[in-house]
Amino acid sequence: MGKTSDAVAEGVSIAAAAARLIVRNRILVDTIADGGQFDADAFGEITRETLLGLAAEQERAADRARRLRRGAWGKFSTSSGTHDYRDRDTANLRRRRKQYLGVASELRDWAGDEARVSALLESARDAAWGDVESNLARRLNVEAMTADSDPEYETMRRARMDSLRMIDLARLASQAKKKAQKARADDA
């Protein structure tokens with residue numbers, strides 16, 4: 001493997017991690033925060049759109065590298081900064097453009113492969129479930145703890161009470177206010 005193929009493989013790996021994170025967050029928001037259902041077909045489409053969006057981003061970066069290369073062509077003076085390219089940078093910019101296009105091509109191929117889209121979606125779903133599971137476990141451990149079993153109970157009591165007063169009670173008051181406004185609007 002050459003430098004370009006290594007860079008493309010690394011770029012695809014980074015893009016896959018970004019796609020997994022984006023889809024995971026959509027799953028969490030759409031199913032938990034918005035109270036929806038997990039629909040594999042709908043989230044499969046979201047996964048595909050995410051991959052295509054990342055591919056388009058790479059294509060825009062390739063266009064930017066092409067424009068920068070054209071601008072650098074024939075400039076032989078000293079550059080004034082990191083992104084002030086000169087003629088000596090044109091080979092590097094050409095290589096970057098090729099790498100961006102390679103990543104974009106791989107992502108578009110991935111978006112067209114149902115099995116790979118499903119595998120990415122499953123990975124994102126597992127990551128979302130892992131987040132939910134760890135949050136539940138953490139909350140259950142805290143909720144189940146008694147004063148006798150917590151050596152820091154007394155020192156943390158004030159912080160917990162402040163949190164209850166400033167966050168939880170304020171949130172409950174806000175929710176009650178919204179419910180009352182909605183009820184008034186429904187009655188009108």
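Before I begin, a word on classes: Ala, Val, Leu, Ile, Met, Phe, Trp, Tyr, Cys and Pro count here as nonpolar, Asp, Glu, Lys and Arg as charged, and the others, Gly among them, as polar. Please also keep in mind that what we are looking at is a predicted model.

Let me start with the second largest pocket, which holds about 150 Å³ of space. Its lining is made up of Ile27, Leu28, Thr31, Ile32, Phe38, Arg125, Ala128, Trp129 and Val132, and the elements that give two or more residues to that lining are helix H1, residues 3–33, and helix H4, residues 114–144. Sorted by class, the lining comes to 7 nonpolar, 1 polar and 1 charged residues.

I would now like to move to helix H2, which covers residues 40–72. This helix has 33 residues and spans 47 Å from its first C-alpha to its last, which is close to the 48 Å expected at 1.5 Å a residue. At its N-terminal end H2 is capped by Asp39, with a side-chain oxygen of Asp39 lying 3.1 Å from the backbone nitrogen of Asp41, while just after H2 we find Gly74, which takes a positive phi of about 85°.

Within H2 sits Arg48, and here one may ask: is Arg48 buried or exposed? Arg48 counts as buried because its relative accessible area is 18%, and the cut-off for buried is under 20%. Leaving aside residues up to four places away in sequence, Arg48 touches Ala111, Glu114 and Val117.

Conventions
Residues are numbered from 1 along each chain as its sequence is written. This is a predicted model: local features need pLDDT of at least 70, side-chain atom pairs count only at pLDDT 80 or more; totals for chains, interfaces and linings use all residues. Side-chain values use heavy atoms; hydrogens and water are left out. Helices (H or I, at least four residues) and strands (E, at least two) are DSSP runs, numbered from the N terminus. Buried means under 20% relative accessible area, exposed over 50%, partly exposed in between (1.4 Å probe, protein chains only). Contact means heavy atoms within 4.5 Å. On a 1 Å grid over the protein atoms alone, a cavity is a set of points where a 1.4 Å probe fits but cannot get out, and a pocket is an open set with protein on both sides within 12 Å along at least five of seven lines; lining residues have an atom within 4 Å of a point. Grid points are joined across faces, edges and corners, and a volume is the space filled by probe spheres set on the points. The expected span of a helix is 1.5 Å times one less than its number of residues. A polar contact is a pair of N or O atoms within 3.5 Å; within protein, one must be able to donate a hydrogen and the other to accept it, and residues adjacent in sequence count only if both atoms are side-chain atoms.
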